[in-house]
Amino acid sequence: MTKSETDNKPKADRIVVDNSNLSELKATCDEAVERILSRHPQDGSSAKSQGFAPFKVSHFHTDLRLVLGYTASAIMICTSIWAYFIEKEWNRNKQACAIAVVAYIILSAIQMADSYLQANTIFTGTRKMLSNRIETEHLTIASPPLPKATKKGSKAPNGKPILTPPAYTLQFEYTRKSNKGKSLLGRKSDSLPLGHLGEWFTEEGEFVEDIFEQRLLSGLHKAFGQ
């Protein structure tokens with residue numbers, strides 16, 4: 001995308017980040033993955049030209065961790081209020097307080113375990129496709145930590161080494177089933193290299209989502225064998 005094209009984009013649609021902050025660059029890409037895979041294709045977009053059908057996103061694990069966290073906090077707050085204002089004698093409220101502490105620890109442990117098992121997962125979704133039969137596709141995508149930037153052989157005019165931005169690679173698991181999930185038609189699990197960050201971030205730090213979208217969708221189409 002040329003500079004004039006990016007300048008003509010509405011400010012509300014532009015995403016500009018600090019291109020020296022790798023965490024911010026990666027987070028922008030990770031958030032774009034779900035946005036691209038779950039929205040309906042717009043006219044003139046890469047998704048429309050490739051005939052892409054959106055996935056229905058699942059936030060089950062995120063919602064589960066929120067419920068566990070709120071429940072654990074509510075138990076402790078309610079028990080503390082009860083012990084402070086109603087049953088103030090320690091000999092009478094210590095058993096209830098102990099139970100509340102144990103419940104808090106158990107719920108927090110489940111919350112941490114779920115977060116650990118999800119690890120770098122940034123997208124989980126399903127979609128139904130109709131060919132000769134109804135097929136259900138399930139896709140899970142993880143975004144591992146970025147590698148370090150690599151140095152080029154040449155140097156900048158100021159004598160500093162020229163760095164190639166880190167490569168952005170995703171890990172995916174894909175299954176396709178029919179007969180209400182009873183028949184497995186295909187399964188794939190592999191890495192999906194999309195390129196390095198400098199290919200869709202400008203020197204000013206603007207995120208060019210059209211390029212990223214094209215790389216992501218074309219990569220998934222090839223990986224799925226479609």
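Reader: How do the residues lining the second largest pocket divide into nonpolar, polar and charged?

Author: They split into 5 nonpolar, 5 polar and 7 charged. Bear in mind that this is a predicted model. The lining has 17 residues in total, and Arg 39, Gln 42, Glu 209, Asp 210 and Glu 213 lie nearest the centre of the pocket. Its volume is about 350 Å³.

Reader: Which elements give two or more residues to that lining?

Author: Helix H3 (46–49) and H6 do. H6 gives the most, with 3 residues.

Reader: What makes Arg 35 and Glu 209 a salt bridge?

Author: Their closest N and O atoms are 2.8 Å apart. The rule asks for a Lys or Arg side-chain nitrogen within 4 Å of an Asp or Glu carboxyl oxygen, so the pair qualifies. By that rule the count comes to 11 salt bridges.

Reader: How do you know that the Arg 35 pair links distant parts of the chain?

Author: Arg 35 sits in helix H2 (residues 22–38) and Glu 209 in helix H6 (residues 209–224), with their positions 174 residues apart.

Reader: Why is Glu 209 called buried, and Arg 35 partly exposed?

Author: Glu 209 has a relative accessible area of 13%, and buried means under 20%, so the label fits. Arg 35 comes in at 30%. That value falls between the 20% and 50% cut-offs, so Arg 35 is partly exposed.

Reader: What about Arg 133 and Glu 135: how far apart are the closest N and O atoms?

Author: They are 3.7 Å apart, and the two form a salt bridge. Arg 133 is partly exposed at 44%, while Glu 135 is buried at 12%. As for networks, salt bridges with shared partners join Arg 35, Arg 39, Glu 209 and Glu 213 into one.

Reader: Why is Arg 92 called exposed?

Author: Its relative accessible area is 57%, and exposed means over 50%, so Arg 92 earns the word. Arg 92 forms a salt bridge with Glu 89, with the closest N and O atoms 3.7 Å apart. Glu 89 is partly exposed at 46%.

Reader: Which residues form the nonpolar patch on the surface?

Author: Ile 77, Ile 81, Tyr 84, Phe 85 and Ile 86, with about 600 Å² of accessible area together.

Reader: And what makes Tyr 84 count as exposed?

Author: Tyr 84 has 59% relative accessibility. The cut-off for exposed is over 50%, so Tyr 84 passes. You'll find Tyr 84 in helix H4 (residues 60–86).

Definitions and conventions
Residues numbered from 1 in each chain as written. Predicted model: local features only at pLDDT ≥ 70, side-chain atom pairs only at ≥ 80, totals over all residues. Heavy atoms only, no water. Helix = DSSP H or I, 4+ residues; strand = E, 2+ residues; numbered from the N terminus. Buried < 20%, exposed > 50% of the residue type's maximum accessible area, 1.4 Å probe, protein only. Patch = residues over 30% accessible without salt bridge, like charges linked within 9 Å, V, L, I, M, F, W, Y side chains within 5 Å. Areas by Shrake-Rupley, 256 points an atom, 1.4 Å probe, with all protein chains shown as cover. 1 Å grid on protein atoms, 1.4 Å probe; cavity = no way out; pocket = protein on both sides within 12 Å on 5 of 7 lines; lining within 4 Å. Points joined across faces, edges and corners; volume = space filled by probe spheres on them. Nonpolar A, V, L, I, M, F, W, Y, C, P; charged D, E, K, R; others polar.
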